[in-house]
Amino acid sequence: MSMSSRIVRFAAALPVLLFAAAAGLYGRNADGTDNADRGKVSKVVLDAGHGGKDPGCVYKNCLEKDVTLSIAKKLGAMIQKKYPDVEVIYTRSTDVYVPLAERGIIANKAGADLFISIHINAATNQNARGTSTHVMGMDKQGKNLEVAMRENDVVVYEDDYTTRYEGYNAGDPTSYIMFSLMQYAYQDQSMKFAEIVQKHYKQDLPMPDRGTTQEPFLVLWRTSMPSVLTEIGFLSNATDRTYVTSDKGQTEAAEALCEAFGEYKRQVESRANVVTQEKAAQLADQHDQEGILFYVQLSFLDRSLPANSRKFGSYRGKVIERRVAGKGYRYLIGGVADYQQALQLQREARKEFPDAFVVAYEGDRQLSVKTARQQTGQ
């Protein structure tokens, strides 16, 4: 069966798998938290591609692993200087081999808010040049699989790679598609950062813009945060090679990435601040109202989440938090005096939250719905 035929056949299974990924089966940290819920970008993992026994692309005695490490270290120093509130973590800071899966594990254990894997491209066509940035995923036609296959197949350096990567089969396109689903929960945020990166490359680097794509890179597999793999030029192209192997080129590439990081950080934190202000206003409005009010409870959690958490689906930014002492936090919508209106809210909410139900409060005191209806004559 041809590669294209296998991709098309496998695509038929995507809706179910995507639903599972969206339901949160993959994007969680060891402590159960969701990085997207934090509303801050305070930890970034920089991953210098390849290393040790894996040189990456090799042209004219230039090794990809050396270039990526130099850019990563320059970038890390810039971020630490410009954003002292940010912790920079390296998957490698020397010339050592780090398995692809281990790189994501490092990021997850650190509770990172962003993962940047730095690479240099290569092609048999030596005229090919420019920058590109990729997120975990698969476009409908399975384009550019060759790039992902080349980057992924370094797993053969690992003796137990078929076990470590849970059935991944080097050279099998269906393996790449399956692994492309693992970061689905962070795809939108990852793509936003990728687009910012390409914008700054285009502004600041003397290389063509090759854009952003979705590719099934194993190094992004299981990273529980927005993650990208960026390719800064082609070692196989003489012009790009001269630039990225120079101190000037590496410094400018790091500066472009640092600017992109700063823009992304500002966007994320600004958006979180707006939502927090909206939530405070909502709570204030509810406290200003007197009498018994009906709400619809979407979730009950053992930890506090910002109103813009992914957990709240289309109700992001609209939920009201009620703390239950010693137990956890209720997340509610509504706050209406009309019980029938609350029932309508419940019917709508159950399209996303099947277990949603009506609750009642008088001020900060919870009442049974029966009591609330009796006291309000409903």
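Two exercises on the strands and helices of this predicted model follow, each with a worked solution. Residues are numbered from 1 along each chain as its sequence is written. Local features in the predicted model need pLDDT of at least 70.

**Exercise 1.** Determine the strand order of the open sheet of six strands, and explain why one side of strand 4 and of strand 7 is left without a neighbour.

*Solution.* Begin with the order, which is 4-1-5-8-6-7 with mixed pairing; here strands are DSSP runs of E with at least two residues, and helices are runs of H or I with at least four, both numbered from the N terminus, while two strands pair if DSSP finds at least two bridges between them. Strand 4 (87–90) and strand 7 (209–215) stand at the edges with a single partner strand each, so one side of each lacks a neighbour in the sheet.

Next, take strand 1 (residues 43–48), which runs parallel to strand 5 (residues 114–121) and is joined to it by five bridges; among the residues involved, Leu-46 has Ile-116 of strand 5 as its bridge partner. Finally, helix 4 (residues 100–110) packs on the sheet, touching strand 1, strand 4 and strand 5, where contact means heavy atoms within 4.5 Å.

**Exercise 2.** Describe how strand 10 and strand 11 pair, and state how many residues lie between them in the hairpin.

*Solution.* The pairing of strand 10 (residues 320–324) with strand 11 (residues 328–336) is antiparallel, over five bridges, and Arg-322 stands opposite Arg-330 in strand 11. Three residues lie between the two strands of the hairpin, and Gly-326 in the turn has a positive phi of about 75 degrees. As for exposure, four of the five residues of strand 10 are buried, that is, under 20% relative accessible area with a 1.4 Å probe, protein chains only.

How values were computed. Predicted model: local features only at pLDDT ≥ 70, side-chain atom pairs only at ≥ 80, totals over all residues. Heavy atoms only, no water. Axes fitted to C-alpha atoms, helices over the stretch in contact; angles between N-to-C directions. Buried < 20%, exposed > 50% of the residue type's maximum accessible area, 1.4 Å probe, protein only.
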